[in-house]
Amino acid sequence: MDAKEFTISYEELHRLFLYKNGNLYWKVRNSNRIKVGSQAGTVAKRGNINININKRLYKAHRIIFFMHHKYLPPIIDHIDANPLNNRIENLRPATEIQNHHNVAICKRNTSSVKGVCWDKAKNKWMARCHYNYKSYFVGYFDSIDKAKMAIIKVRNQLHGQFARHE
């Protein structure tokens, strides 16, 4: 849901919710299922917390960001890449590209180093990084430690504060 579709007001959110340690708690009972003081929302398939307000689903991290900053950027990034950690300190505005740079290491990764894989043909570790929808070849390395150091250096240069190494 983008900022245009976010139809609930700042005042209404503060009337409905209490924010505490990254969670939202209901202040009012607006349906039979809700108890005042209970934690709002349910965990969705992608890991975000969804909250139903007036038959519309809102993501908790977007509500929390809006409640604290009075504006809503198109994309909100979870700094630690954990969609359940909605502490305001863990949320920041981002572009789509910046948000993609901050993804956690792929579960299929076999080297345990983000951006590094074994090249069977060369018998070396290959390091590669993505930036702005392009792939950047970092190099081939004899040891995984050298590949890791090189990929971290390049990722820090390209991704800046959105660089994520794990």
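How many cavities of 30 Å³ or more does the structure hold? In this predicted model, the structure holds one such cavity.

**The cavity**

The largest cavity has a volume of about 30 Å³. Its lining is formed by Gly22, Asn23, Leu24, Gln39, Ala40, Ile49, Ala60, Ile64 and Asn86. Two elements, β2 (23–26) and α2 (60–69), each give two or more residues to this lining. By residue class, the lining of the largest cavity comprises five nonpolar and four polar residues, with no charged ones.

**Helix α4**

Helix α4 spans residues 144–159, and thus has 16 residues. From its first C-alpha to its last, α4 reaches 21 Å, close to the 22 Å expected at 1.5 Å a residue. Its residues include a buried set and an exposed set, as listed below.

| Set in α4 | Residues |
|---|---|
| Buried | Ala147, Ala150, Ile151, Arg155, His159 |
| Exposed, on the face turned away from the buried side | Asp145, Met149, Lys153, Gln157 |

Why do the buried residues lie on the same side of α4? The buried residues of α4 cover an arc of only 135° around the axis, which puts them on the same side of the helix. An α-helix has 3.6 residues a turn, so residues three or four places apart point the same way.

The buried residues of α4 pack against one helix, α3 (96–101), and against the strands β8 (116–119), β9 (124–131) and β10 (134–141). After α4 comes Gly160, with a positive phi near 60°.

Key
Residues numbered from 1 in each chain as written. Predicted model: local features only at pLDDT ≥ 70, side-chain atom pairs only at ≥ 80, totals over all residues. Heavy atoms only, no water. 1 Å grid on protein atoms, 1.4 Å probe; cavity = no way out; pocket = protein on both sides within 12 Å on 5 of 7 lines; lining within 4 Å. Points joined across faces, edges and corners; volume = space filled by probe spheres on them. Helix = DSSP H or I, 4+ residues; strand = E, 2+ residues; numbered from the N terminus. Nonpolar A, V, L, I, M, F, W, Y, C, P; charged D, E, K, R; others polar. Expected span 1.5 Å × (residues − 1). Buried < 20%, exposed > 50% of the residue type's maximum accessible area, 1.4 Å probe, protein only. Arc of directions from axis to C-beta. Contact = heavy atoms within 4.5 Å.
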